[in-house]
Each structure stands twice: as C-alpha cells, then as structure tokens.
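Subject: Structure handover

Hi there,

Here is the structure I promised to pass on to you. Have a look at it first, and my notes follow underneath.

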Amino acid sequence: MYLTPEQQEILSGSKGETMAKVMKTLVMYGEVFGADKMVPVTSKHNHLVTSFGLKALTPVYGLMEQLIEAGAVSQQTFSVDPRPLDKNVPANFLQNFVFNKFMYTKQDFYEEQLKKLGLMEEDAFSCACYLDQMGNKPQKGEILSWAESSAVVYANSVLGARCNRNSGIMDIMGSIAGFVPHFGLLTDEGRKASWVVEVKTTKKPEAQLLGSAIGMKVMEDVPYVTGMDKWLGTELDDAACAYLKDFGAATASNGAVGLYHIENLTPEAVELGKSLVKEDAKVYVIDDAELERVQREYPVIWKNPDAKPKLCFVGCPHMSLQQLKDWTDRVEQGLKESGRKKVAIPTVFTTAPAVRKEFEKTGDAERLAKTGVILSCICPLMYMNNPLCGPMPVITSSNKLRTYTTARYYKEDEILTYITKGGLDG
Amino acid sequence: MKQFKGRVVAPGTVKAEALVSHGGLNTLASFQKALQFGDKTATCGDQNNKDLYGKQMAGKALCLPQTIGSTTGGLVLYCACSMNRQPACLLFSNPIDSLAAAGSILASVWLEDVSMPVVDNLGEEFLSYVQDGMTITVQEDGTVEVE
C-alpha cells in the first residue's frame, strides 16, 4: 500500500508511539484487503458503535484511555449508538440490580471518555444518527470511518456515502488519523452487485423480513434489488427512507451487507442502473412463499413457546419521526377496535433523542403516552443482553433484535394485534 | 490427514481441536454472554448458529466461512483476546471479513502476549472436510493440517 511521506513518518513514530500504533492498525487493516492507498475521511462527523459502559468491555476503555492520554483524538466530532439503559423502561428489581451493579458499571466513566474523544453533544446517542433531527447525515460521495452496521449500510445505500463495514474501535482509528485505507465499499468496483434479488411478492414485503432473507442469502455481498419500486415508488421520501432503514438493518445483522442497491430508487442505482451488476451475478428470487419460509424457520428459544409476551420492543433501529406518528395512529385505532384504553403488553418504542424532542412538540406524544406505550431512547439490544432477559418472552418487529437476543420476531401488523388485542387471535 | 494452504492474516503456530461453523459466525451474538458473565470457556450464545450454539469456543480451532452481524464484532473479538477467552485460532474458508480482520489486527497491535493465529482463503473444501473434534495444526506459513 502506498503511504505518503507524512503517513510513513507517523508509522515510524514521528507523532509518538500511540499514533504509530493507530497508523499500524490502519495499515494492517488496509493490507489485509489489498488497499492501494489511504484516502481522507471527508464527512463532517464520525459515528461510533460503542456506546455502552459494559464491564465486559473493560479492555476497550483501557484502549480509549491510551488514546486520550496520548492526545490521539479526532478532529471530527461524532455521534454514537444508543445508551443501554432508561429508568422508564420496565425492569424488575433483579434486572435493575444486575444492570447497575454488574453490567453497565462503566457507563458514566465511558461517557466521560466519549466527551474527551469528541462527542457531538450530550444526547448524540442513536443508531440512526443519519435522521434529519440528529444532525449527522453525510453527503453523497463522502468518505466515512463509521461503524454500526445499520448506519453504515444506510449511509452507503440510501445516502450514497462511502464507508466500509468497520468494526468498533477501527471506526475511531480512521477518524483520529483523518484517513482510511482505500478498499472494498470505498471503491467503484467494490460497490458493484454480485447478486440480483428479484422481489416478486403479491404484497409489499415486510421490510425487516425481506432484509433478513436477503442478508442470510448474500451474506457480505452487494445485492441489486429489483421489483421494489412497485412498493416504494421512485422517490426517497420519508416512507421509503424509513422502510430502507429497517430493511438495511436486517440485511446487515442477519447477514453482513454493507451496501445494497434498489433499482430506480437508491442514488447509485438511479444513476448507474444495471451497469452496477457484475456479469457473473447470482440470482435470488423472493416471492411470498420464500418470505414465509424464512419467518417459519426462525428458531423460537423461549422456554415456553406459548408464553404470553411480557414486553414488546419496536424501534431497532430507532424509529423516525414519521414512524412514531404512524404507530401512534395505528395503536390508537387498534385499541379503539378492541375496546381497550391501554396496550395489553408493556410496550416500548425507541427513537433518537432529537427525534423524541421533535415528537414531544407535537400533540402525538401525549396521544401515544395515553395508550400506555413507553417512549425511550435506549438500545433494546443492550437492554436484553443479560441472562435475566433470556427466559423473558419478549416480542419485537426488529429482525436485528431477534438475531442478537431471545426476542421473538413478528411482522408489524402482528405486533400491533398483540399489543392492542392481547394476542394474535385477538 | 489432509493439508490445506491459506493466507496468513495473523501469524503463529498452534495445535487444537476443531470446532466448525458452516454458517457465518455472528461474533457479538456468539461471545456476548461469555464476556459479560465470566464464562471462561466462551460458550456460544448465538441461537441462529445451529453448529455452534451451546458449544465452548475458547481454545478451539474455530473453522468458519466468515463472521457476520454487528460491527461490534471486532471489538468483541479484541476483548475475548484481552480476557484470554479467544479461540486457539481462526480458520476461514473465505477471504476474511472486515470485522474479524479488525479484531485480529487490534489484538495483534494493541495487546501484548496474545496468540491467535488467523488464516483465511482455505477454500470450500476445507470447510466441508473438517469436522468437530478433529485435530488441527496451524503452521507459520498458513498451512493447516487436519486429522
């Protein structure tokens, strides 16, 4: 890999031992993937995946401390994934004890570290940092050093920015150095599709189910998806962006997709069309039966598969403002139909702090609160990552949450029926 | 005994018992409980991985196509190495993915006295041949012996 004389000097220690290690990390990273050079990080802000002060990740905070002590901090400010806890989210005494005394004992310490490292602002905690209200929305063609699989796939696919599926820690390394190795999704060739996915369903496919099916099939490859303009249109409006946010998160967590193209919709697909598809691309046809098969084969690992759900999460990744408004309408309507005043199952909607602020300015927030739904900004995944949640029957419309926890996945209509009527049979 | 030759990502030699995942290893889902709750054997907690779920990963020669899932994957692997709960080696049939590469590189640059040889590009035949419990020997040049 070509390094400029300045980069070579940093590697040799001209800016100290810690910066030399940062440089070595990036050089090794690039060499593994055949990078030809380093390219400048051009986005205004960075985004980090590690938001939680988890005792188990103590080695990470040790590394962060080395960076801070050596003054090896980024010129960029950054947003970060959601906080793990919120006292408004239902938790029993034992759960609270485990959360606060065993698991997230490093939260305050780590948040102080984040401030020293360049956190954008006090509440810059969301996996959906690219939502308008959060203020971290990169432009087409900008080079990023982000992590968070759902944010990376959104930035690449919907916004047309360029970012590899960087790991946590690697995200901050590129930002500190100000450049990242040029390979993979940063290159034109790396953005070409090796799969054509033909969507041939008779109704609009559930975003998180379609994303799961594609992720599990193509793994880390780039899919070019046809047949979706019929359901999403050809404009990246609020509804299409929210759909693609949820779809992408499922492709990235159920597989390892870092970029997808949606024919006639996402920027590069609109600009370059089928020239994005490699000659030897494989084909995957998705019809109603295939989506049913995918959902049917999800393992149910509740101790009692027939248990009544004790908690429901909607909003992984974090909900957009329009999604919050739509869900408020749907929950109200569902309760009206069932003759209930409050949701039948404790239900948490999660969104970005800045989106919640906007939502609270509308009358909708009060309407949602009246239904009994709790609005929070936590990461449901972090909430559920403990043995006490393991046996707990939790339902969700998030395929990402299903993948990483014992939560059981249902389509959005099924979730709505569950929370407003108490069960799928009403 | 059969030999396979791959590319060395992190050098080293090791002899260990094989543990095979035919699907991608979801690093966060697999390691999170082990790291949080003191399981030194690193029992795999990924419900979607039928090959590995409930099996001990620490000290095993982990044979897999690639890693998948959350971009915390690299730092989870880094922490597993720092806490000495890592597999004895990682042997990929495919080219290594960015998350596993990050974990291996971070451990190699930022941790002292950690050994986890990593070899990729071993080919599909490697993954169809190797089975749980077989003995794996990894050599410095990326040669992997399976018996």
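Let me start with T71(B), which sits in the loop between strand 6 (67-68) and helix 2 (73-82) of chain B. Please keep in mind throughout that this is a predicted model. T71(B) counts as buried because its relative accessibility is 0%, under the 20% cut-off. A polar atom of its side chain lies 3.1 Å from the backbone nitrogen of S149(A). Leaving aside residues up to four places away in sequence, T71(B) touches L99(B) as well as a set of chain A residues, among them V49(A), E148(A), S149(A) and R165(A).

That leads to the interface itself. Chain A contributes 51 residues to the contact and chain B contributes 38 residues. About 3,700 Å² is buried between chain A and chain B, with carbon and sulfur atoms giving 65% of that area. Between the two chains there are 12 residue pairs in polar contact, while the rule finds 0 salt bridges across the interface. On the side of chain A that touches chain B, the elements giving two or more residues include helix 2 (17-32), helix 7 (170-177) and helix 17 (399-404) of chain A. Helix 2 of chain A gives the most, with 9 residues. By type, the residues on this side of chain A divide into 28 nonpolar, 16 polar and 7 charged.

E148(A), one of the residues that T71(B) touches, also takes part in a salt bridge. Its partner is K400(A), and the closest N and O atoms are 2.8 Å apart. This pair links distant parts of the chain, with E148(A) in the loop between helix 5 and helix 6 of chain A and K400(A) in helix 17 of chain A, 252 residues apart. E148(A) counts as buried because its relative accessibility is 3%, and K400(A) is buried too, with a relative accessible area of 6%.

Over all chains the structure holds 26 salt bridges. Another one joins E268(A) and R191(A), where the closest N and O atoms are 2.7 Å apart. E268(A) lies in helix 11 (residues 267-272) of chain A and R191(A) in the loop between strand 4 (179-181) and strand 5 (193-199) of chain A, so this pair ties together parts that are 77 residues apart in sequence. E268(A) is buried at 7% relative accessibility, and R191(A) is buried at 1%. E6(A) and K15(A) also meet in a salt bridge, at 3.8 Å from N to O, but E6(A) counts as partly exposed at 48% relative accessibility. Finally, salt bridges link D329(A), E332(A), D364(A) and R367(A) in a network.

What about the rings? There are 15 aromatic pairs over all chains. Y130(A) and Y154(A) are stacked, at 3.9 Å centre to centre with 10 degrees between the planes, and both are buried. F313(A) and Y383(A) pair edge-to-face instead, at 5.5 Å centre to centre with 70 degrees between the planes. F313(A) is in strand 9 (residues 311-319) and Y383(A) in helix 16 (residues 380-384) of chain A, 70 residues apart. Ring pairs link these two with F99(A) and Y104(A) into a cluster.

Strand 9 comes up once more with helix 14 (residues 353-360) of chain A, where P353(A), A354(A), V355(A) and F359(A) are buried. The elements that the buried residues of helix 14 pack against include strand 9 and helix 13 (321-338) of chain A.

Best wishes

Conventions:
Residues are numbered from 1 along each chain as its sequence is written. Chains are lettered from A and ligands numbered from 1 in the order in which they are written. This is a predicted model: local features need pLDDT of at least 70, side-chain atom pairs count only at pLDDT 80 or more; totals for chains, interfaces and linings use all residues. Side-chain values use heavy atoms; hydrogens and water are left out. Helices (H or I, at least four residues) and strands (E, at least two) are DSSP runs, numbered from the N terminus. Buried means under 20% relative accessible area, exposed over 50%, partly exposed in between (1.4 Å probe, protein chains only). A polar contact is a pair of N or O atoms within 3.5 Å; within protein, one must be able to donate a hydrogen and the other to accept it, and residues adjacent in sequence count only if both atoms are side-chain atoms. Contact means heavy atoms within 4.5 Å. Buried area is the accessible area (1.4 Å probe) that two parts lose on being put together, summed over both. A salt bridge is a side-chain nitrogen of Lys or Arg within 4 Å of a carboxyl oxygen of Asp or Glu. Ala, Val, Leu, Ile, Met, Phe, Trp, Tyr, Cys and Pro count as nonpolar, Asp, Glu, Lys and Arg as charged, and the others, Gly among them, as polar. Rings of Phe, Tyr and Trp (its six-membered ring) pair if their centres lie within 6.5 Å; planes under 30 degrees apart count as stacked, over 60 as edge-to-face and the rest as tilted.
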